[in-house]
Every structure is written in structure tokens, then in C-alpha cells.
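Me: Please show me the structure, so that I may ask about its parts in turn.

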Amino acid sequence: MKRIGVLTSGGDSPGMNPAIRAVVKKAIYHGLEVYGIYRGYEGLMEGDIKKLELKDVGSIIHRGGTILYSARSERFKTEEGQQKGVEVLKEHGIEGLVVIGGDGSYRGANQLHKKGIPTIGLPGTIDNDINGTEYTLGFSTAVNTVMEAVDKIRDTATSHERIFVIEVMGRDAGDIAAWSGLATGAESIFIPENSSEKPEMINRLTAGFQRGKKHSIVIVAEGVGSGEEFAKYIAENSNYEPRVTVLGYVQRGGSPVAYDRILGTTLGSRAVELLMEGISGKALGMEKSEISIHDFDYVFSPESKVTDPIVKLAKLSTELSI
Ligand code: ADP
């Protein structure tokens, strides 16, 4: 193998840049050429491809987003689009590919693998919703971003003795909500994996204020409903008038925290080693502090989904919000 490519696809996340950097440095270290494919699969089909040198990945380890840009592409979901992708890779002499993205991007990567392009996937999403890894690139940073925002909201909540309902991202996963809720001592956390009872929340909020609590924080994962919905429920079933904050895209940005830098660096390096060993069709992750290597089909299987740790965190949070 002489030449490999790297692309980022789907929603961007902090940690993608450290992963790109590691792929480029590791490849060059082993004497390979490495090409950056810009704007995900859309850029691949259009041949938006450039050779990357060490200088191209200088000073990016601390930057959020992705220097290769990201995109979504409907065309790449078609057979014609995927064939075009294979053609372009062959024209450029690219013999192996690292795809950094979420579940959708992995599906695209699996198609390339099945069409004979050696492909390795790295989990790039803040949502932490990819099977076969305990953590995804960007998740830790997003949790820290939410934690800092909630800490600030708590200051104003205390001053006004208010309830704040905070809606956080995560698509169908409650990981960002559960982690940030526990890290900020939220009074209630609502996640799709665990149907906490709304009446129970009202009882807890009321009991808290009766005990002299100055404020309450309720964290809602977007996958379980909107912050507005929960605030309306509280307003209709108590004497409180909650304020709502939807944190939105701020959660996708920011300089990656140490864990995301290290995760990107270790997985990016391993991806290059695997391609050099002739391995393809695998998704990398981190399980029990070891790099895990699974077939894409394992990652796509609903049976591989692990929700226990998140449910446990949410339950612990409930126990502690006495
Ligand atoms: P993410 O990777 O963050 O989950 P998306 O689900 O939007 O984001 O997927 C990113 C891109 O991956 C899509 O725009 C599309 O180009 C490609 N993709 C998604 N699903 C498939 C599929 N079933 N087959 C081929 N490519 C796919």
C-alpha cells in the first residue's frame, strides 16, 4: 500500500481534527502518501481531493470541527454514487480509506468496503450513539460544553429562584443528557433509554423548593421530547413557571478536551496500521480502555446496543436529587 485517503462525513465533532492529524502523521511516518478528501462523500464523487503534508496538519490538534469539511450526500446513498466514489479513488490511486463520521457515514464506508476499497471507520459524533465503542470523538467535549453552560444557567436560576429546563442534543441517545446531568447535579434528567415519570419530577421539584432549594435544573435529551414540552408540563402541573434553554449547535463546537484528542490520536494511528495490514470493513472504538475492532455489520446490529451504563447514571442522578 502506497497511498491512503481520509475523509470526514455527517455531523462534525471536536476530535475529528486530532484524528485526521494522526492519520496523516502515522501514514507519513510509515512512508505512505495521504490524501485529504474534502466535504465527505460529496467531495469524493466530485474529486475534491488534495495531497496532505505534515504542514497541513500542524496546529490543528486543538481545533474543533474538521479541516476537511463535512457534508451530507443523498447521491452517495445510490449505487451510481458509490460506483463513482470507487472510480474516483482508483483514478487517484488511493488504496485505502479512513472514514471519520457517524452511523450514516459508516454505512457509506461499508459500501466502499464491499466494492473492494479497504476502508476503516472512526466514530466521529458528539452523540455517543455508535455501537461497539464506549465513547465517540466529540462526546466528552460536548459534555463539558453543556456542563459549563448549565453551571452558568444555574447562577441565574439561583438568583431568581427558578426552574430551568435545558434541552440537549444526542439524537436518539441520552448520553449527553445523562453525563451532563450528573456532572451538574441536575434535579431531573429525561433520556430516551429510561422513561422517568413526569409526575415524579413535579414531586421532586416541589419537595426541593419546600426544603429551601433556590433553583432546579431539568435536563431533557432531544430524543425524548422538546424542552418546551417539558416546561409546559411543569407549568400546567405546578405553580412554577420554568424557563427553557435549547443549547443547540454550541454543543458541536469548541476545542476538543484531552480525552477526545487522545481518542482521535490513538484511533487514527491504529486505522493506518490496520490498512497497512490489509484489514478492511472495520469500525474502531474504545472499550474497557482498549481499542476495539468490529465489523461494520456488528456496529449496525441493534443487538450491539448497550444502554445500561446510561440508565445507571440517570438512576443515580435521581437517587441523589433528594
Ligand atoms: P452521520 O454519519 O453523522 O450519522 P448521516 O446519517 O447524515 O450522518 O450520514 C452521512 C452521509 O453518509 C450521508 O449524507 C450519506 O452520504 C452517507 N450515507 C448514509 N447512509 C448511507 C447508506 N445507507 N449508504 C451509503 N451511504 C450512506
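Me: Which helix gives the most residues to the shell around the ligand?

Reply: The model is a predicted one, in which local features need pLDDT of at least 70 and side-chain atom pairs count only at pLDDT 80 or more, while totals for chains, interfaces and linings use all residues. Residues are numbered from 1 along each chain as its sequence is written. The shell holds 17 residues, where a residue is near the ligand if its C-beta atom, placed from the backbone, lies within 6 Å of it. Helices are DSSP runs of H or I with at least four residues, strands are runs of E with at least two, and both are numbered from the N terminus; the helix that gives the most to the shell, with six residues, is α4 (residues 103-114).

Me: How many residues of the shell around the ligand are polar?

Reply: Ala, Val, Leu, Ile, Met, Phe, Trp, Tyr, Cys and Pro count as nonpolar, Asp, Glu, Lys and Arg as charged, and the others, Gly among them, as polar. The shell has two nonpolar and four charged residues, and its polar residues number 11.

Me: What is the largest C-alpha distance among the residues of the UniProt annotation "binding site"?

Reply: The annotation comes from an unreviewed entry and covers G11, R72, S73, G102, D103, G104 and S105; such annotations may be inferred rather than shown by experiment, and the positions follow the numbering used here, with feature names shortened. These residues are spread over 95 residues of sequence but cluster in space, with a largest C-alpha distance of 13.9 Å.

Me: Where is G11 placed?

Reply: G11 is one of the residues in the "binding site" annotation. Its place lies between β1 (3-8) and α1 (16-29), in the loop.

Me: At what angle do α1 and helix α9 pack?

Reply: Two packed helices are described by the angle between their axes and the distance between the axes. Axes are lines fitted to C-alpha atoms, for helices over the stretch in contact, and angles run from 0 to 180 degrees between N-to-C directions. The axes of α1 and α9 (residues 258-276) are 7 Å apart, and the angle is about 35°.

Me: How many residues of domain 2 are in contact with domain 1?

Reply: An automatic or database domain assignment supplies the bounds, giving domain 1 (3-138 + 256-304) and domain 2 (140-253). Two residues are in contact if their C-beta atoms, placed from the backbone, lie within 7 Å. Domain 1 contributes 16 residues to the contact, and the number from domain 2 is 14.
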